[in-house]
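Notebook open, two chains to look through. I'll jot down what I look up as I go.

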Amino acid sequence: MSALLLEAKGVAKHFGGVKALHDVSLSIRKGEIYGLIGPNGAGKTTFFNVLTGLYHPDGGEIVFAGEKLKASAPHEAAARGIARTFQNIRLFANMTARENVMVGRHVRTSAGVMGAVLCDRRTRAEEAAIHRRAEELLYYVGVADRADDLAKHLSYGDQRRLEIARALATDPQLLALDEPAAGMNSTETEGLRRLVEGIRADGITVLLIEHDVKLVMGLCDRVAVLDYGQKISEDVPSIVQKDPRVIEAYLGGAVA
Amino acid sequence: MDIFIQQIINGLVLGSIYALVALGYTMVYGIMGLINFAHGEVVMIGALVALSVIKLLANSGLPGVVIVLIGLMAAALVCMAVGFAIERVAYRPLRKAPKLAPLITAIGVSIVLQNLAMLIWGRNYHAFPPILPNGEHEILGATITSVQIAIIIIAAAMMGGLILLINRTRLGRAMRATAENPGIAQLMGVNINQIISLTFVIGSALAAVAGLMVSANYSIAHYYMGFVLGLKAFTAAVLGGIGNLAGAMLGGILLGLIESLGAGYIGDLTGGFFGSNYQDVFAFLVLICVLVFRPSGLVGEKAAERA
């Protein structure tokens, strides 16, 4: 059994009286594709937001690569190696595709004011490296031909891919994808499946929220199911699929 | 004809200064959606600090240009510190407050700075010592001084440098990313507090240069000079489309030309009823017209896109 990359221990998050997450514990192993599924409003995206420091958890903690994650510090989460995409795409719409990916390199680079003013050799070398890496990633996800177009002018599927490229630019250990297949047709979804498998093959652990059950069951090594903010099941897809609690959550309790 | 050329030259000089100041307004607005009404006072502080240093060194035997450069350095450093402090004290604690709150602190800071300047430099006008080579050159029947040529060239160079910084560097990308979506920029490892501070510092450095330019061109500086200048530069930023760098530059130059041509011809056009002392009216006429007919400015995006 491979080492744990991420361990959530009793994570809780409330919005007023609503318990969006209630004592959620789960562990993700290094190198696996881990699916997080559940009906709408089950708390999946809330979990992502806590994980990436956008929300401050009301309880519990997350241990990442052996160290506790600081709560609500997005740039700290990025530095530690957690990257994500969004359910509703959030690119820098008025920057080019290439620039979007280049911003993703920010966390791994360092040129500051002095560098910008002096344009010394190190700064120029770093800038060239940022440029090269952005090109590689655009090519990797398959939007290299749109590099100079504004992000808002890309097709929906390309925007999803670009967002993945931008997340990969931060050199993550864990890539969290929030419904990457939403709104994709079957050809695009198949392309996405291959992309995610390729990312895992490159040694990056993937955490996937997805509604496309076929995609999740085919792609993920293990799956956790959330319902009303609580984890109700966690195992390999074939077992989770038959778990009565899961069936009840999805289909309602009144099954005869 | 030579009046026309002369007013164009005057307008370009004035416009270059407006453009530098307008950039400070527009950069801050672009990144935080906030009008920094204290920015005009930063220009004033730049002018007075530069002038004090220049006066101090006027009899040192150094060449005039060197003295002015030293004054400029001092002014830039002081203004950068003031800009940094303004953001920390007046805006950062209110980052999540309703938009009206930082607007009020902005006006408060403006009043504090004005009064502080009055205490330090007094209520009098300070004259710029005649240490710069003040040659006059003839162009198409109009005259332009060496100082004016320097103003236009330096302003153009600074604007060019700013464009390169914003478009070609890691910091510039981080600034644009923060302007578009601070939350996501943070996820890319951008420290947005640092970027916001930097925005204020850069804007204030430009303001210091503009302040020195005003006092060198009009040979005068006083504690109250920032108020009207700031309002006009704000008008220039709105004219170009607030939040848009190219717009601020264009708006600044245009406003300078409008003011200067307006002042030059208003006497003739109204049969002497209004004189060139109505110069200030034009800027605010422009502001009203832009707000009524094209609130997004000349090159600005529709306001809805910012929401």
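Before the hairpin, a note on terms: I call two strands paired if DSSP finds at least two bridges between them, and helices (H or I, at least four residues) and strands (E, at least two) are DSSP runs, numbered from the N terminus. This is a predicted model, so I keep in mind that local features need pLDDT of at least 70, that side-chain atom pairs count only at pLDDT 80 or more, and that totals for chains, interfaces and linings use all residues. Residues are numbered from 1 along each chain as its sequence is written, while chains are lettered from A and ligands numbered from 1 in the order in which they are written.

**Hairpin, chain A**

I started with strands E1 (4-15) and E2 (18-29) of chain A, which pair antiparallel over eight bridges. Val11(A) has Val24(A) in E2(A) as its bridge partner. Two residues sit between the strands of this hairpin, and Gly16(A) takes a positive phi near 60 degrees there.

**Sheet, chain A**

Next I traced the open sheet of six strands in chain A, and I read the order as E6-E7-E8-E3-E9-E10, with mixed pairing. Strand E6 (82-84) and strand E10 (230-235) of chain A are the edges, each pairing on one side only. From one strand to the next, the twist averages 20 degrees.

I then checked E3 (33-37) against E9 (222-227) in chain A: the two run parallel and are joined by four bridges. Leu36(A) has Ala224(A) as its bridge partner in E9(A).

Which strands does helix H1 of chain A touch? H1 (44-51) packs on the sheet against E3, E6, E7 (174-178), E8 (205-209) and E9 of chain A, and its direction makes about 145 degrees with that of E7(A). For such angles, axes are lines fitted to C-alpha atoms, for helices over the stretch in contact, and angles run from 0 to 180 degrees between N-to-C directions. Helix H10 (244-251) of chain A lies across E9 and E10 of chain A, at about 130 degrees to E10(A).

**Domains, chain A**

Chain A splits into domain 1 (1-81 + 172-256) and domain 2 (93-168); the bounds come from an automatic or database domain assignment. I get 27 Å between their centres, taken over C-alpha atoms. In contact (C-beta atoms, placed from the backbone, within 7 Å) are 10 residues of domain 1 and eight residues of domain 2 of chain A. On the domain 1 side, H2 (74-80) and H7 (186-201) of chain A each supply at least two residues, and H2(A) gives the most, with three.

**Chain B**

Chain B has 11 helices and four strands. Why does a radius of gyration of 19 Å for chain B agree with a compact globule? Because a compact globule of 307 residues would have a value near 19 Å; the radius is taken over C-alpha atoms, and the rule is 2.2 Å times the number of residues to the power 0.38. The C-alpha atoms of chain B fill a box of roughly 55 × 50 × 35 Å along the principal axes. Of contacts in chain B between residues at least 6 apart in sequence, I noted that 76% join residues at least 24 apart.

**Between the chains**

Last look: the contact takes 26 residues from chain A and 19 residues from chain B. On the chain B side, helix H6 (170-180) and helix H7 (182-187) give two or more residues each, and H6(B) gives the most, with seven.

Methods
Two residues are in contact if their C-beta atoms, placed from the backbone, lie within 7 Å.
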